[in-house]
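Trainee: Could you take me through one part of this model, the place where the two chains meet? I'd like a close look at that and how the copies are arranged around it.

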2 protein chains.
Amino acid sequence: LPRFQHLFPAYIIDLDGTVYLGNRLLPTARETINKLRRLERKIVFITNEASRTRAVIARNLTEMGIPTQPEEIINSSMVTVAYLQEHHPKAVLYVIGEPSLSLELLEAGFRISQDPQHIGVVVISSDHGFNYDKLKIAFDAIHCGASTIATNADRTCPLVDGGEEPDALPIIAAIETSSGHPLDVLVGKPSCFMAEAALRVSGVPANQCLLVGDNPETDIRMGKQAGMVTALVATGIRTKNKEAMLASQPDYQINQLDDLIPDFIE
Amino acid sequence: LPRFQHLFPAYIIDLDGTVYLGNRLLPTARETINKLRRLERKIVFITNEASRTRAVIARNLTEMGIPTQPEEIINSSMVTVAYLQEHHPKAVLYVIGEPSLSLELLEAGFRISQDPQHIGVVVISSDHGFNYDKLKIAFDAIHCGASTIATNADRTCPLVDGGEEPDALPIIAAIETSSGHPLDVLVGKPSCFMAEAALRVSGVPANQCLLVGDNPETDIRMGKQAGMVTALVATGIRTKNKEAMLASQPDYQINQLDDLIPDFIE
C-alpha cells in the first residue's frame, strides 16, 4: 500500500466511523487532526448525519479535544436546507426524520404538514420513530404529486459497540417500493451537493483535497466523483459492500488517521 | 376481447379487489359465485391476506351472502404455517405482522421471541404497527443468522374508498435493504406454494382451473406459472404496473365477475 509522501492543502474528513464512533474518539483522531491544523492544513468535516445541527456537532468535537467551529462542518441537514431554499423555497414539507431535522427546517422558514394534499416535498432521513403511519402519509402525498428528497442514503450507521443499525436507506426503500416513485433527489454523500459544499469551505480545488472516510459507498464514491484524492480508513462500517469496494477503489487505504501524516514529519 | 364459451371445472378466485373491497361486495360477485356453485363448479378462494384466519374470512363471506367453509379458502397465513411446519418445525420466530398472524403461529405450536440471538426465522407480513424497533430486531436477527419468509409481497392493498395503502412489499424492502440479505422465501401469490395449496383443494389439474384476479403481478403471474387459465378483472388495484401487465398477459380480461358466465347460460 502506498504511504503518504506529502501533505495536502485541505483534508475533507468524514466524522462517524472516521473521527469517532458515537461518543468515542477513534485512535489517533485527535492528535492527527490537531497536528494537521498546526501544519496549517484546512480541515473540513463532512457527515451524512442530519439529526444534529452543525453547532451541536462542533460543540461535541470541541468537548472531545478537537476545537471546531460550526462553519468547518458540512452535514446533510444544512445542505438539505440550502437545496430546498434554492429549488423549493415555498414548499410545504413532510419530514420523516429525527425531531431536530424538523426543527432545523422550521427555523429555516419552511412549513410542515401531515396532510397529503398539502405536502409538496417529502423529506426522508434516518428516523428512530419511523412507522407505518409515516409511510402511509408519504405514500399518499406522493400519489398527490409530492416530490421526494433524502438527506442521506446510508444503509446502516455504525454503533459505539461495534455493531450497526439501519439508517435512512431502508426507509427510502420502503417509500420507493410502496409508491413506485423513485427518490427524486439525494442530498447526502455521495451526491455532488455535499462535495460542492465541502469544496467551498476548503477554499482549494478538488484535486488538492484529500477525502478521508470509512465508507466506500458514500465517502470514497463522492470523493472520486468530485475529483478529490481519496483515502479509505479501516475504522467504522463493519460490513463493507464488496461490489461498492470494487466500484469505488480509494487512492489510499489506511488503518487509522495518523497514517495520513508522512513519516518524515515530526 | 375473447368471451367465455364454456365453464371450467374449477374457479380459483382472488378475494380482495375481485370479490370484495374491504367490507363491500363488488358488483355481480355474489350472484356469479352462487350461480357457479349451482352449476356444480368447484370454487376456491385464494388471498394473500395473512391478517385474518380462514375461519374469519369464511364467516365474513357467508355474512355477505356467499356461504363459504374455511376449507374453501387458501390464505397466505395458513400456507406460511404449513411451510414452516415442513421446513422449520422447531424454529423460534419473530413476526412482523398483524397480531392475528402471531396468534395463528403460536396456536400452531411455534415459539416467538424478540431476542435476535434466539430468532431462527423472521416472518414478514403487512403490519400497520410496523416501526423502526421492529426493523432493528429483524436486522439484528438476520445478522445473527436468521432466515426470512414473507407471507406475501404485495406492494399495496386496495381500500374501500378506491384508494390503496402500503402492504408487505415496502416492509420486505426495508428489511432487505438494511440487512443486505434478500428475502429467502415468499409464500403468497405468485409463489408455487399458494398455487399448489389451491390446486389440492380444487381437485382438478391446473389446466382445468380458471384463475380470476385483479392483480397482474400476483394473481395472473401465479396462475400462468402454475399452468392455469387466467382472467384479469378490472376491479381492485388502481395503478396496474405496466411492466407487470406486459410480463403477465392474462388469457381473458373481464370488467366484472358475471363476465365469467358464458352468454348461453341462463
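Mentor: Let's fix one term before we start: a polar contact is a pair of N or O atoms within 3.5 Å; within protein, one atom must be able to donate a hydrogen and the other to accept it, and residues adjacent in sequence count only if both atoms are side-chain atoms. By that rule, six residue pairs are in polar contact across the interface of chain A and chain B, with both residues at pLDDT 80 or more. Keep in mind that this is a predicted model, where local features need pLDDT of at least 70, side-chain atom pairs count only at pLDDT 80 or more, and totals for chains, interfaces and linings use all residues. Residues are numbered from 1 along each chain as its sequence is written, chains are lettered from A in the order in which they are written, and side-chain values use heavy atoms, with hydrogens and water left out.

Salt bridges (a side-chain nitrogen of Lys or Arg within 4 Å of a carboxyl oxygen of Asp or Glu) are another story: the count between chain A and chain B is zero.

Now for who touches whom. Taking contact as heavy atoms within 4.5 Å, 26 residues of chain A meet 26 residues of chain B. Together the two chains bury about 2100 Å², 69% of it on carbon and sulfur atoms; buried area here is the accessible area (1.4 Å probe) that two parts lose on being put together, summed over both. A:Y132, A:P166 and A:T177 supply 31% of what chain A buries against chain B, more than any other three residues.

As for elements (DSSP runs numbered from the N terminus, with helices being H or I of at least four residues and strands E of at least two), helix 5 (132–143), strand 11 (164–166) and helix 6 (168–179) of chain A each put at least two residues on the side that touches chain B. Helix 6 of chain A gives the most, with seven residues.

What about the symmetry? Superposing the copies by least squares on the C-alpha atoms of residues with pLDDT of at least 70 in both, a rotation of 180° with 0.0 Å of shift along its axis brings chain A onto chain B, RMSD 0.0 Å. That's the relation of a two-fold axis. Within chain A, the residue that comes closest to the rotation axis is A:N131, its C-alpha at 2.0 Å. And 100% of chain A's interface residues are also interface residues in chain B, so the copies meet through the same surface.
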